[in-house]
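Ready to practise reading a protein model? Work through the exercises below, and try each one before you look at the solution.

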Amino acid sequence: MWRVTAAAAATRGLVSAGRASTKPTLDFSSVSFSSPRISSSVDGLAGSGAALLFALRLHSAVDPLTPRLERASAAFSTSSPAEAAAMLGSLAPASSFVSQMSRNVSEAIRHYGRCYWELSKARLSMLVVATSGTGFVLGSGSAIDIAGLSCTCAGTMMVAASANSLNQVFEIQNDAKMKRTRQRPLPSGRLSVPHAAIWASTVGIAGTTLLAWKANYLAAGLAASNLVLYAFVYTPLKQIHPVNTWVGAVVGAIPPLLGWAASSGELPLKSVILPAALYFWQIPHFMALAYLCRNDYIAGGFRMFSLADASGQRTALVSLRNCLYLLPLGLLAYNWGLTSKWFALESSLLTIFSSISALLFVRERTSKNARRMFYGSLLYLPVFMSGLLLHRQPNEQHEHVISEPTTMNVLLSEVEVHEGNSSSTGQYKQRKDLTCTQARPPIAYASVAPFPFLPVPLYVSPDS
């Protein structure tokens, strides 16, 4: 009886060699033959050859040696056990080559994926996306365009990643001097500066184009202006003057406007509630961070507000003042019809707790109180945005613009019925003029950055 004691194990070792991290070895020294009969083990070996043939066909697009391996596998199922063992031994180098190539590709994907993640400051970018998405929902009517929301979030993510990447390209020398940033991809040498610049430019252009294509030019203009403001104004200003903190707060306040503009195509007064909250929230948040990382900022050459305030008193007072600025926002959101009255109460309570942490920092300027204020600010923002979404009122202006074409069709039907009645015709003309004045949309692109807060002009009737 034929005895094949190692053939099955050798076949399994060859099939799994593409996934193994070490070079597979096949030992055929234990193959012995004691009978001219071919047992069921050989039948199993032939079945394994068919499986090997299928697996090798999957690799034929990337491995130049695969056609040769395929021919060998076809002959494998019809050969004798001794010939099959010799074939398995000859195929081991080819399998090792496939394994090595797969391992190299996997390592390259892992390396560049991690570098792009760190270069884009992905967690910070996702926070920006969250504020932009919240603005989109707040600017929507009773029905939310999920496809539009997805495209807006994707475009915002790409633009934010581009801005953060350019920030690290410009600050590579400063990052190399600070403990918390010296292991970033550029200072550590894991990525070259030209590579990072090409990556930043590519995703920035792609994100802005996506917003212009799937949203509108107002949203794309806000995204492009925010990219320029962050990378080319805020970044160099960090080494020049402490006012950089307030410029950075403006950068953080624009994404909600971007989301609102993407959903409705306009920026009414109530659209500034979330941007105002983000602006005032960022001041105590950054002040606490700058106080905790004073030594790092000194080493990096950054001129933060806290560096000229040895006692920390002015830093603490600025933080408290901006926390108090958050108090009326909940009432304004209710008064302007953005949310229900419950949000006014919840927002006020949340701001009081945040102000208490800032007040403790004013009374006793220690790292413990600064850290408490910092973590309190991290809690404030998601709770505030969740309250806005939970208690939001549908954007009536958005609903009005959508329903205007229907109103126009009804009026046209009425004039056809009363075609011969002169008094009805005159009444229709008056109603038509009023409807056309309300229905025509604003020129969204007229308020594109760098002046996004200018009032939007309206269309002028050709008859006037």
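**Exercise 1: The surface patch**

In this predicted model, helix 15 (residues 341-363) supplies the largest share of the nonpolar patch, namely seven residues. Task: find out which residues form the patch on the surface and about how much accessible area they have together.

Solution. Step one: list the members, which are Leu324, Leu327, Trp342, Leu345, Leu349, Ile352, Phe353, Ile356 and Leu360. Step two: together they have about 840 Å² of accessible area. Step three: pick out Leu324, which sits in helix 13 (residues 313-325). Leu324 counts as partly exposed, because its relative accessibility is 42%, between the 20% and 50% cut-offs.

**Exercise 2: The core**

Task: work out which helix gives the most to the largest nonpolar core.

Solution. Start with the core itself: it has 26 residues, and Leu166, Leu222 and Tyr230 are among those with the most contacts inside it. Next, look for the suppliers: helices 5, 6, 8, 9 and 10 each bring at least two residues. Helix 9 gives the most, with 10 residues. Now zoom in on Tyr230: leaving out residues up to four places away in sequence, Tyr230 touches Lys121, Ala163, Asn164, Asn167, Thr235 and Val251. Don't stop there, though: a second, separate core of 19 residues includes Trp260, Phe280, Leu329 and Met385.

**Exercise 3: The cysteines**

Task: decide how many disulfides the whole structure has.

Solution. The search finds zero. Take Cys151: its nearest cysteine sulfur belongs to Cys153, 9.5 Å away, whereas a disulfide needs the sulfurs within 2.5 Å. Cys151 is partly exposed at 22% relative accessible area, while Cys293 is buried at 15%.

Terms used: Residues are numbered from 1 along each chain as its sequence is written. This is a predicted model: local features need pLDDT of at least 70, side-chain atom pairs count only at pLDDT 80 or more; totals for chains, interfaces and linings use all residues. Side-chain values use heavy atoms; hydrogens and water are left out. A nonpolar core is a set of buried Ala, Val, Leu, Ile, Met, Phe, Trp, Tyr and Cys residues joined through side-chain atoms within 4.5 Å. Buried means under 20% relative accessible area, exposed over 50%, partly exposed in between (1.4 Å probe, protein chains only). Helices (H or I, at least four residues) and strands (E, at least two) are DSSP runs, numbered from the N terminus. Contact means heavy atoms within 4.5 Å. Patches are made of residues with over 30% relative accessible area and no salt bridge: like charges are joined within 9 Å, nonpolar side chains (Val, Leu, Ile, Met, Phe, Trp, Tyr) within 5 Å. Accessible areas come from the Shrake-Rupley method with a 1.4 Å probe; for residues, only the protein chains shown count as cover. A salt bridge is a side-chain nitrogen of Lys or Arg within 4 Å of a carboxyl oxygen of Asp or Glu.
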